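Hi,

Here's the structure I promised to pass on. Have a look at it first, then read my notes below.

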Amino acid sequence: MRASWQFLGRGAAFLFDNEIAAYTRFRQCQTAASGAVLQCFGWAEVDTKFLKTVANMIPSFADAILAHGDHNARGILLEDLPDSEILSIKNITPAVADRALRALQSIHAAFVLHGSLDRDHIVVVPSQDRVVWENFSHSTSYGRRCGDISRKDLLAELAQAWDLLYRRLVSSHSFPLSAA
């Protein structure tokens, strides 16, 4: 299994904390086992000395790392899905929309409200018949700062996802009729 290291900049501390809270809940509830979210292998904070060492070792990362400035960086190590695609009008089908809604239900079962429903946060993995939600930087997790998440909140977000997936994406795409 491959993994990707995603750095979050200094100004993203609050967003990073939301990601970590969500992935902590997913670990507690074993949500990644359902395939609904990426497997999280951990997170860390690294200092500028480490960043400069990496920039010297991996020239292709140098510009991005050095643009970060003289600040420590926090990063999260997540499962990498090399054959994945961002959800689009080209890969949406009723079956993909169904898997996306079921994946969101798995996220809600962990009492995490995604908080930023957008097709750019939904990844389709055709080779695995898998749909994955990502980017939990605007999420709310049960037991964290904003108080409890109600069933009404979860249902409202599910309704928003239905609107995004079926009303805006699936309905704007024509599908061939299947032979019965």
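**Helix α5 and the rest**

Let's start with helix α5, which runs over residues 151-170. This helix has 20 residues and spans 26 Å from its first C-alpha to its last, close to the 28 Å expected at 1.5 Å a residue. Keep in mind that this is a predicted model. If you follow α5 along, you'll find a bend of about 25° at D163.

Which residues of α5 are buried? They are L154, E157, L158, A161, L164, L165, Y166, L169 and V170. And what covers them? The cover includes helix α4 (94-109), plus the strands β5 (112-113) and β6 (122-125).

Now zoom out to the whole protein chain. Its secondary structure adds up to five helices and eight strands. Going along the sequence, they come in the pattern β-α-β-α-α-β-β-α-β-β-β-β-α. The chain has 180 residues, and 39% of them count as buried. Its accessible surface is about 10400 Å², with 54% of that belonging to carbon and sulfur atoms. If you look at contacts with a separation of 6 or more, 79% of them link residues 24 or more positions apart.

One last residue to click on is R27, which sits in helix α1 (residues 13-29). Is R27 buried or exposed? R27 is exposed, because its relative accessibility is 65% and the cut-off for exposed is over 50%. Try finding C40 as well: R27 and C40 are 13 residues apart along the chain, and their C-alpha atoms are separated by 8.1 Å.

Cheers

Note on methods. Residues are numbered from 1 along each chain as its sequence is written. This is a predicted model: local features need pLDDT of at least 70, side-chain atom pairs count only at pLDDT 80 or more; totals for chains, interfaces and linings use all residues. Side-chain values use heavy atoms; hydrogens and water are left out. Helices (H or I, at least four residues) and strands (E, at least two) are DSSP runs, numbered from the N terminus. Buried means under 20% relative accessible area, exposed over 50%, partly exposed in between (1.4 Å probe, protein chains only). The expected span of a helix is 1.5 Å times one less than its number of residues. The bend at a residue is the angle between axes fitted to the seven residues ending there and the seven starting there. Contact means heavy atoms within 4.5 Å. Accessible areas come from the Shrake-Rupley method with a 1.4 Å probe; for residues, only the protein chains shown count as cover.
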